[in-house]
Amino acid sequence: LAVRRRPGWELALPDGRTIALSGDVAIIGRRPAADPAHPGAQLISVSDDTRTMSKTHARLELHMDAWRITDLDSTNGVVVTGDNGAEREVSPGAAHEVDGLFLLGDAELRLRRRDT
């Protein structure tokens, strides 16, 4: 019997660090607050010298094998960059699929599969 393993994911932060995503939901910001609707969410603090990232800026959620990002009414928005380099702003409260590079304010983050 074959055992299926879920691929690991990580988030590359602007300062060069990477954070392994440990679950299906992560909340990102300078000092993200827990969300009662997602009690098991991983809280990811990101250093932001430009201060364009909100304290609780966005939520990543894994659905099947695709990540979606939701802008949590941040001040400076969320922008998703496609494979072709086209940028798309995510409306506050709306979820948008993300498979690589995205911006929280001026901070550039990258979602990627982790080497196993």
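Okay, let's start with L11, which is buried: its relative accessible area is 0%. This is a predicted model, by the way, so take everything I say as a reading of that prediction. L11 is found in strand β1. What is L11 in contact with, once we leave aside its neighbours within four places in sequence? Quite a list: R17, T18, I19, L21, I28, I44, L60, F102, L109, R110 and L111. If you want a distance to check on your screen, try L11 and A26. They are 15 residues apart along the chain, and their C-alpha atoms are separated by 10 Å.

Now, the sheet that β1 belongs to. A quick reminder: strands of a sheet pair through backbone hydrogen bonds, and they do it either parallel or antiparallel. Here we have an open sheet of six strands, and you can trace the order as β2, β1, β11, β10, β7, β8, with antiparallel pairing. Which strands are at the edges? Those are β2, residues 18-21, and β8, residues 87-90, and each of them pairs on one side only. From one strand to the next, the twist averages 25°.

Let's zoom in on one pairing in there. β10 covers residues 101-104 and β11 covers residues 107-113, and the two pair in the antiparallel sense over four bridges. If you'd like a place to look, find L104: its bridge partner in β11 is A107.

On to the other sheet. This one is also open, with five strands in the order β4-β3-β5-β6-β9, and its pairing is mixed. The edges here are β4 and β9, the latter being residues 95-98; each has a single partner strand, so one side of each is left without a neighbour in the sheet. Neighbouring strands in this sheet are turned by 30° against each other on average, with direction ignored.

I'd like to stay with β5 for a moment. Is β5 largely enclosed or not, and why? Five of its six residues are buried, so the rest of the structure largely encloses it. In the sheet, β5 runs antiparallel to β3, with four bridges joining them. β5 also runs antiparallel to β6, and there six bridges do the joining. E61 is a nice residue to click on, since it shows up in both pairings. Towards β3, E61 is the bridge partner of V25, and towards β6, E61 stands opposite R68.

Now follow β5 to where it meets β6. The two form a hairpin, with two residues between them. H63 stands opposite A66 in β6. In the turn sits M64, and its phi is near 60°, which is a positive value in a residue other than glycine. M64 is out in the open too: at 83% relative accessibility, it counts as exposed.

There's another residue of that kind further along. D73 lies in the loop between β6 and β7, where β7 is residues 78-81. Its phi is near 55°, again a positive value in a residue other than glycine. And is D73 buried or exposed? D73 is exposed, with a relative accessible area of 63%.

Let's go back inside, to the aromatics. How many aromatic pairs are there? The count comes to one. That pair is W9 and W67: their ring centres are 6.2 Å apart and the planes sit at 80°, so it's edge-to-face. W9 is in strand β1, residues 9-12, and W67 is in strand β6, residues 66-71, so the pair ties together parts that are 58 residues apart in sequence. Both W9 and W67 are buried. So this pair takes us from β1, where we began with L11, over to β6.

Last stop, R30. Where does R30 lie? It's in the loop between β3, residues 25-29, and β4, residues 42-45. R30 is buried, yet it has no salt bridge. The nearest side chain of opposite charge belongs to D48, and that is 5.4 Å away, while a salt bridge would need the charged atoms within 4 Å. What else is R30 in contact with, leaving aside its neighbours within four places in sequence? The contacts are S45, V46, D48, R51, M53, S54 and K55. So D48 is on the contact list of R30, but the two make no salt bridge.

That's my tour, and I'm happy to go back to any of these spots on the screen.

Definitions and conventions:
Residues numbered from 1 in each chain as written. Predicted model: local features only at pLDDT ≥ 70, side-chain atom pairs only at ≥ 80, totals over all residues. Heavy atoms only, no water. Buried < 20%, exposed > 50% of the residue type's maximum accessible area, 1.4 Å probe, protein only. Lys, Arg positive; Asp, Glu negative; His and termini not counted. Contact = heavy atoms within 4.5 Å. Phe/Tyr/Trp six-rings, centres within 6.5 Å; stacked < 30°, edge-to-face > 60°. Pairing = 2+ DSSP bridges. Axes fitted to C-alpha atoms, helices over the stretch in contact; angles between N-to-C directions.
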